[in-house]
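Open the model in your viewer and keep the selection tool at hand. The tour goes from the metal site to two loops and ends with the whole chain.

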Amino acid sequence: MSFVIAAPDAVTIPVKGNKGVFPVRRVYCIGRNYAAHAREMGHDPDRDPPFFFCKPADAIRVAVQDQTLDIPYPPQTSDLHYEVEMVVAIGKGGANIAVSDAMEHVWGYALGLDLTRRDRQQDMKDLARPWELGKAFDASAPIGALVPVTDAPDMSDAAISLQRNGQPRQQGTTSQMIWTVAESISYLSAYFRLKPGDLLFTGTPEGVGPAERGDVLDAALAGVGTLSIRLV
Ligand code: MN
């Protein structure tokens, strides 16, 4: 049977070292997973259980190592925020995954940005509406190449940072996560059957803030690589 309209392009992320490409199925994101970021957003990090939202797979934009990727400043916002995040790629599916088994489901790691229309997200919070307008817009998920777990160091205490126009803005380590990668995968898999190709953005450390058209955002995740975008 032939497609009746043009089929959308497959979304893929290159694997570091020219080892092929990783096909993306879904993009899950965890909210407020670093205590200091939860506090800067006005929440009590000790009380809130993990929660998740999604971005469409085609919100992914792949940034090549050592090149600055142009990302369009999105419409319908005057308060675009950066959030630097470690991204976990799922290589083995499952539901109701035990915390003790969860890391077997991880295929690799990447560095990503959860770009956010903070003003629209706040509108949605105020109205108790879903967050898509704030989180799920086109090109809202720049990402660098994937590093397979077999090539990656232990990522449980990896330095993660972001600079805006050369000025340090976010600095942290993945050990500051409230919910570990294993706990997040386990929790998420109770609600959704995870499948190969799923990505999980694991939350952002403190220091989120606005970026303007023309800004360059440089991010780094120890053991994985760097990511550079320019808002145009
Ligand atoms: Mn985020």
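A polar contact here is a pair of N or O atoms within 3.5 Å; within protein, one must be able to donate a hydrogen and the other to accept it. Keep that cut-off in mind for the first stop. The model is a predicted one.

**Stop 1: Asp114**

Select Asp114. You land in the loop between strand S9 (106–113) and strand S10 (116–117). Now show the side chain of Lys55. The side chains of Asp114 and Lys55 make a polar contact at 2.8 Å.

Is Asp114 buried or exposed? Its relative accessibility is 1%, so Asp114 counts as buried. Next, display what surrounds Asp114. Beyond the neighbours within four places in sequence, its contacts include Phe53, His81, Tyr82, Lys135, Ser140 and Phe201. Glu83 and Glu85 are also among them.

**Stop 2: the manganese ion**

Select the manganese ion. Which protein residues are its donors? They are Glu83 (OE), Glu85 (OE) and Asp114 (OD), at 2.0 to 2.1 Å from the ion. Along the sequence, these donor residues follow the spacing E-x1-E-x28-D. Glu85 sits in strand S8 (residues 84–90) and Asp114 in the loop between S9 and S10, so this pair ties together parts 29 residues apart in sequence. Colour the pair: Glu85 and Asp114 are both buried.

**Stop 3: two positive phi angles**

Most residues other than glycine have a negative phi. Two places to check against that follow.

Select Asn18, in the loop between strand S1 (12–14) and strand S2 (21–23). Asn18 is not a glycine, yet its phi is positive, about 55°. Turn on the surface: with 80% relative accessibility, Asn18 counts as exposed.

Move to Arg32, in the loop between strand S3 (27–31) and helix H1 (35–40). Arg32 is not a glycine either, and its phi is positive at about 45°. How does Arg32 count, as buried or exposed? At 19% relative accessibility, Arg32 counts as buried, because the cut-off for buried is under 20%.

**Stop 4: the whole chain**

Zoom out and switch to cartoon. The chain has four helices and 18 strands. Its radius of gyration is 17 Å, close to the 17 Å that the globule rule gives for 232 residues, so the chain is as compact as a globular protein of that length. Along the principal axes, the C-alpha atoms fill a box of roughly 45 × 40 × 35 Å.

Colour by burial. Buried residues are 49% of the 232. Finally, show the surface of the chain. About 11,000 Å² is exposed, and carbon and sulfur atoms supply 52% of that area.

Methods:
Residues numbered from 1 in each chain as written. Predicted model: local features only at pLDDT ≥ 70, side-chain atom pairs only at ≥ 80, totals over all residues. Heavy atoms only, no water. Helix = DSSP H or I, 4+ residues; strand = E, 2+ residues; numbered from the N terminus. Buried < 20%, exposed > 50% of the residue type's maximum accessible area, 1.4 Å probe, protein only. Contact = heavy atoms within 4.5 Å. Donors = N, O, S within 2.8 Å, 3.2 Å for Na, K, Ca; no water. Rg over C-alpha atoms; globule rule 2.2 N^0.38 Å. Areas by Shrake-Rupley, 256 points an atom, 1.4 Å probe, with all protein chains shown as cover.
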